[in-house]
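Open the structure in your viewer and follow along, one selection at a time. Each stop tells you what to pick and what you will find there.

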Amino acid sequence: MWQCNNRYRIKGVEGCYSSHLDEDTLEKIFLKALELLSENLDLLDSKWENIIQESRHYSMVLSDLIRQNKIDYKSTEMCRVLDHITIGLDGEITVLFLEGTEVDL
């Protein structure tokens, strides 16, 4: 079970409405985002060529991950590349990776 970091950031004020995300749902979201990225490698490669040194490490880790023939879900791998996932009230899902790439699902 994964919990929202903003649930009760301010005491007494509910910060978000989806307090928990089960592992299966998180896995599906993460793998779908990686699949979409792997379909757009040419765009990412050009982005990564111009990226600043601080984020280059995250770019290389994400690049290695999405270039695998078969991507298996591992929470440790996810934590190496994922900044956060936002789930809006309307159900829209946004996945933000540490190197700055954002995927809307």
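Is F97 buried or exposed? Select F97 and find out: the residue is buried, with a relative accessible area of 1%. Before going further, please keep in mind that this is a predicted model.

**Stop 1: the aromatic cluster**

Keep F97 on screen and add F30 and Y73. Ring pairs link F30, Y73 and F97 into a cluster. A search of the whole structure finds 2 aromatic pairs. Begin with F30 and Y73, whose rings meet edge-to-face, at 6.3 Å centre to centre and with 75 degrees between the planes. This pair links distant parts of the chain: F30 sits in helix α1, Y73 in the loop between α3 and α4, and 43 residues separate them. Both partners, F30 and Y73, are buried.

Now turn to F30 and F97. Their ring centres are 6.2 Å apart and their planes stand at 45 degrees, so this pair is tilted. Because F30 belongs to helix α1 and F97 to strand β4, the pair ties together parts that are 67 residues apart in sequence.

**Stop 2: around F30**

Select F30 alone. How does F30 count, buried or exposed? With a relative accessibility of 2%, F30 counts as buried, since the cut-off for buried is under 20%. Show its surroundings next: leaving aside residues up to four places away in sequence, F30 touches L65, Y73, M78, V81, L82 and F97.

**Stop 3: the nonpolar core**

Widen the view to the largest nonpolar core, which has 20 residues. Highlight F30, L62, V95 and F97, the members that touch the most other members. Then colour the elements α1 (23-38), α2 (41-49), α3 (53-66), α4 (75-81) and β4, each of which supplies at least two residues of this core. Which element gives the most? That is α1, with 6 residues.

**Stop 4: the sheet**

Switch to a cartoon view and look for the strands. They form an open sheet of 3 strands in the order β3-β4-β5, with antiparallel pairing. At the edges are β3 (82-87) and β5 (102-104), each pairing on one side only. On average, neighbouring strands of this sheet are turned by 15 degrees against each other, direction ignored. Bring α1 back into view: this helix packs on the sheet and touches β3, β4 and β5, and its direction makes about 70 degrees with that of β4.

**Stop 5: T94 and its partner**

Zoom in on T94, which has its place in strand β4 (residues 93-97). Between β4 and β5, which run antiparallel, there are 3 bridges. Which residue of β5 is the bridge partner of T94? Select D104 to see that partner. The side chains of T94 and D104 are also joined by a polar contact of 3.0 Å. Not counting residues up to four places away in sequence, T94 touches H84, I85, T86, E102, V103 and D104. At 15% relative accessibility, T94 counts as buried.

**Stop 6: M60**

For a last selection, go to helix α3 and pick M60. Here the relative accessibility is 49%, so M60 counts as partly exposed; a residue has to be over 50% to count as exposed. Add V81 and display the C-alpha atoms: those of M60 and V81 are separated by 9.6 Å, while the two residues are 21 residues apart along the chain.

Definitions and conventions
Residues numbered from 1 in each chain as written. Predicted model: local features only at pLDDT ≥ 70, side-chain atom pairs only at ≥ 80, totals over all residues. Heavy atoms only, no water. Helix = DSSP H or I, 4+ residues; strand = E, 2+ residues; numbered from the N terminus. Buried < 20%, exposed > 50% of the residue type's maximum accessible area, 1.4 Å probe, protein only. Polar contact = N/O pair within 3.5 Å; in protein donor to acceptor, adjacent residues only side chain to side chain. Contact = heavy atoms within 4.5 Å. Core = buried A, V, L, I, M, F, W, Y, C linked by side-chain atoms within 4.5 Å. Pairing = 2+ DSSP bridges. Axes fitted to C-alpha atoms, helices over the stretch in contact; angles between N-to-C directions. Phe/Tyr/Trp six-rings, centres within 6.5 Å; stacked < 30°, edge-to-face > 60°.
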